Amino acid sequence: MSNQVQYINPDGLSKNPAFSQLVTTHGKGKTIYIGGQDAVNAQGEIVGKGDITGQTEQVMKNLQTALSACGATFDNLIKLSIHIVQGQDLYRAFQASQKFLGHVANPPAVTGFFVAALANPNYLIEIDAIAFIPEE
């Protein structure tokens with residue numbers, strides 16, 4: 001990715017291979033805002049009822065589809081906000097997401113929230129994202 005996107009992990013903040021502390025974008029390009037994705041397939045069916053791993057995988061597939069529709073990949077992500085229902089196993093959700101994000105050279109900035117509930121009582125996780133495609 002060009003120098004229009006900079007992933008920063010400054011001294012004085014913890015360094016974690018799963019996320020970046022800061023991401024900046026400079027210059028011309030396309031910013032993509034992806035609304036909260038839940039574990040719903042193209043037919044509108046909930047995938048993985050009661051299973052945080054299955055739901056996380058479906059959410060990540062939905063993000064991949066959304067990014068692809070804009071000509072982007074997970075490498076273009078700059079920010080993820082993860083909402084997970086209280087009591088769910090965060091580690092299992094993280095492991096499932098790494099199937100999609102584990103290869104990303106510069107992981108996005110990430111914020112995680114435990115919430116009491118999501119829009120549908122069967123949803124266990126919801127992720128929204130921001131991506132940036134630099135103009136060459």
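This is a short selection-by-selection tour of the predicted model, starting at one helix and ending at a pocket.

Before you click, remember that this is a predicted model, where local features need pLDDT of at least 70 and side-chain atom pairs count only at pLDDT 80 or more, while totals for chains, interfaces and linings use all residues. Residues are numbered from 1 along each chain as its sequence is written, and side-chain values use heavy atoms, with hydrogens and water left out.

**Stop one: helix α1**

Select 52–69, which is α1. Helices here are DSSP runs of H or I with at least four residues, strands are runs of E with at least two, and both are numbered from the N terminus. Put a distance on the end C-alpha atoms: they are 26 Å apart, which agrees with the 26 Å that the 18 residues should span at 1.5 Å a residue. (The expected span is 1.5 Å times one less than the number of residues.)

At the start of the helix, show D51: one of its side-chain oxygens reaches to within 3.2 Å of the backbone nitrogen of T53. After the other end comes G71, with a positive phi near 80 degrees.

Now colour the buried residues of α1: I52, G54, Q55, T56, Q58, V59, M60, N62, L63 and L67. Buried means under 20% relative accessible area, exposed means over 50%, and partly exposed is in between, using a 1.4 Å probe and protein chains only. An α-helix has 3.6 residues a turn, so residues three or four places apart point the same way. What do the buried residues of α1 pack against? Show β3, β4, α2 and β6, and you have the packing partners.

**Stop two: Q55 and N62**

Stay on α1 and pick Q55. Q55 counts as buried because its relative accessibility is 0%. Leaving out residues up to four places away in sequence, Q55 touches A39, I46, V47, G48, K49, G50, N122, Y123, L124 and I125; contact means heavy atoms within 4.5 Å.

Then move along α1 to N62, which counts as buried at 14% relative accessibility. A polar atom of the N62 side chain lies 3.0 Å from the backbone oxygen of V40. With the same sequence neighbours left out, N62 touches Q37, D38 and V40.

**Stop three: the loop between β3 and α1**

Select D38, found in the loop between β3 and α1. D38 is buried, with a relative accessible area of 12%. D38 touches V59, N62, Y123, I125 and E126, not counting residues up to four places away in sequence. Try a C-alpha distance to E126: the two are 88 residues apart in sequence and 4.8 Å apart in space.

N41 lies in this loop too, and N41 is buried at a relative accessible area of 18%. Its side chain makes a polar contact with the side chain of E45 at 2.8 Å. (A polar contact is a pair of N or O atoms within 3.5 Å; within protein, one must be able to donate a hydrogen and the other to accept it, and residues adjacent in sequence count only if both atoms are side-chain atoms.) The backbone nitrogen of Q43 lies 3.0 Å from a polar atom of the N41 side chain. Beyond four places in sequence, N41 is in contact with V47 and Q58.

**Stop four: the core**

Which residues touch the most other members of the largest nonpolar core? Select L63, F74 and L77, out of 23 residues in that core. Such a core is a set of buried Ala, Val, Leu, Ile, Met, Phe, Trp, Tyr and Cys residues joined through side-chain atoms within 4.5 Å. The elements β3 (29–37), α1 (52–69), β4 (77–85), α2 (90–101) and β6 (125–134) each supply at least two of its residues.

Zoom in on L77: setting aside residues up to four places away in sequence, L77 touches Y7, L67, L101, P108, A129, I130 and A131.

**Stop five: T111 and the pocket**

Select T111 in strand β5; T111 counts as partly exposed at 30% relative accessibility. The side chains of T111 and K79 make a polar contact at 2.6 Å.

Finish with I82, L90, F94, V110 and G112, which lie nearest the centre of the largest pocket among its 20 lining residues. α1, β4, α2, β5 (109–115) and β6 give two or more residues to that lining, and the largest share, six residues, comes from α2.

Conventions: 1 Å grid on protein atoms, 1.4 Å probe; cavity = no way out; pocket = protein on both sides within 12 Å on 5 of 7 lines; lining within 4 Å.
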